Every structure is written in structure tokens, then in C-alpha cells.
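Me: I'm new to this one. Could you show it to me and let me ask how the labels are earned?

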Amino acid sequence: MASINLSAAAVDAKKFPPDKAERWAGIPLDHDQWIFTHNALRREMRSMIEALDSMAGRLKSERNVPAWTAGVIGAWWERHLDHVIDHCEAEEKMYRPLLSTRFIWPKEVETIHNQLDFVRDKVSKAVSELSLDKASLSALRNSLFAYEKNMLAHFVVEEKTILPMMRAYFPPNPEISTLQRQMLENAPDNVMGALIYAMGPDRFRSEFMKERGIPFFVWHVAFKGRLAHYESDMVSKVKAIKTGVKPEDPPAKKSGWFRSN
């Protein structure tokens, strides 16, 4: 990918020169929240692909995919799409309106977004066609691999173009830190949980929270529960596919005075 001509991308280089990069010294580029959200999706996709490979390797015939598999994968895919939609909306409705006030949004990002719609629809079709046949599992694996390839290319384009420009045209405070904090506060449980899971809770607390000045007690108030929710709702499904052990149904809620929480 060619190097970026920062000045050429400026909306108004005199009013908003691309000279803010040094002010990001406290948060390295690979520690940017944008990259961490990409890493969460990277891990989410890769974990299911590896799980599908494990399941396919265990099957002894061409028609003995466990009957519960389609339901588990379908639920995982539905929640993954929710994650992707939240990520794309954050880019289009939060990042883009602000960043476009100072630099021109790269056309190649638009192009790759359009390509993603096609490969994502192919995965949805493969999920809907899952059956007891091993071939349907292989078809899903192949479509998911193509989807991952396109998503990774999308991430790289953003990380090599938009992210460096954001850091050149905007200091971390106040606009970007405020925007990214809003994203954290408004993120659905699984989206925030995925980010923490991908980083690991120890690194999340010692790096992510510390670099952003988030008080330690917020871990217990806002983050710990989201990680637990993600592990229960998403990681458990991947584990089930990987091990071939049907996940347990969630306990039924009790009615009356003795309701469970």
C-alpha cells in the first residue's frame, strides 16, 4: 500500500494542519481503540474457523454432523453480525462525520465496504443451508474463510490510511478521547466483552484502562460482567463446535416470588 500524502488529504491544511501525531506518544498506534476493536473481530472470526476445522476432522462419515450444530452456529453468526453492524455504524456515524471535517475519507474504504456485503451474504446463505451433511459444514468453513480474508483486508486499509490520518489531524484530546469513550459506554455487552476477551482481562486492565485514565473500580462496575456475558454467549458456542459437546441450555427463569436473577 502506498504511503499517505497527509497534506493532499486535507480539507483545509492551513486551518487544520496534519501535525498532531506527536501528541499521541502516550498511546502507541497498535494500542489505539480502533485497532483493539478490529482485533476483537479478528479473533472472533478465526476462533470459529478453527472450531469448524476441529469438528470436520472428528467426523467419521459424510452425514454425521450433530443435529444441534446448525442452531449453535446460527446463533453465533447472528450475534457476530450484530457485532459487525455495531462496528460499522461506529465508523460511519461517529468516526466519519468528525474525521471528514479535517481530511478526505479514502475512496478505497468505500470500495472494500461494498465487497464485504457480498461475502457476508454468502456466509449467511451457508449458515442457512447447514445440515447433517459434512459437505455443508465444509461449505460454511470456506465461505467464512473468504469472509475473514475480506474483513482482514478491510481492517488493514483502515489501519494504514484512516488511523494515521486521524492521529495526524486530531490530538487525542478532546475530540477523539471523548468520541471513543462514548463508544465504550454505548457498546453492547458482546462488543465490549469481545474486546476484553481478545486482549485478555489482565492486559485490558493494565494497558487499556491505564492508558485512558479509566479508574480501576470501573472494571468491576462496567467491564467484568461484559466479559462474562461474552464468554457465556459467544465463546461457549465456539467451544461447543470445537469439542463436539452440545452446550447446556440456559437455566429456565423461575416465576413467582422465587425468581432467579
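Reply: Sure, here are a few labels and the definitions behind them. This is a predicted model, where local features need pLDDT of at least 70, side-chain atom pairs count only at pLDDT 80 or more, and totals for chains, interfaces and linings use all residues. Residues are numbered from 1 along each chain as its sequence is written, and side-chain values use heavy atoms, with hydrogens and water left out.

Me: Why are H4 and H5 called roughly parallel?

Reply: Helix H4 (residues 134–160) and helix H5 (residues 162–169) pack at about 25°, their axes 3 Å apart. Angles under 35 degrees count as roughly parallel, so H4 earns that label relative to H5. The axes are lines fitted to C-alpha atoms over the stretch in contact, and angles run from 0 to 180 degrees between N-to-C directions.

Me: Which residues meet where H4 touches H5?

Reply: Val 157, Glu 158, Glu 159 and Lys 160 of H4 meet Ile 162, Leu 163 and Pro 164 of H5; contact means heavy atoms within 4.5 Å. These residues divide into four nonpolar, no polar and three charged.

Me: What is the kink in H9, and where is it centred?

Reply: Helix H9 (residues 218–243) has a kink of about 40°, centred on Val 235. The bend is the angle between axes fitted to the seven residues ending there and the seven starting there.

Me: What makes a residue of H9 buried?

Reply: Buried means under 20% relative accessible area (1.4 Å probe, protein chains only). Trp 219, Phe 223 and Met 234 are among the buried residues of H9.

Methods: Helix = DSSP H or I, 4+ residues; strand = E, 2+ residues; numbered from the N terminus. Buried < 20%, exposed > 50% of the residue type's maximum accessible area, 1.4 Å probe, protein only. Parallel < 35°, antiparallel > 145°, perpendicular 65-115°, else oblique. Nonpolar A, V, L, I, M, F, W, Y, C, P; charged D, E, K, R; others polar.
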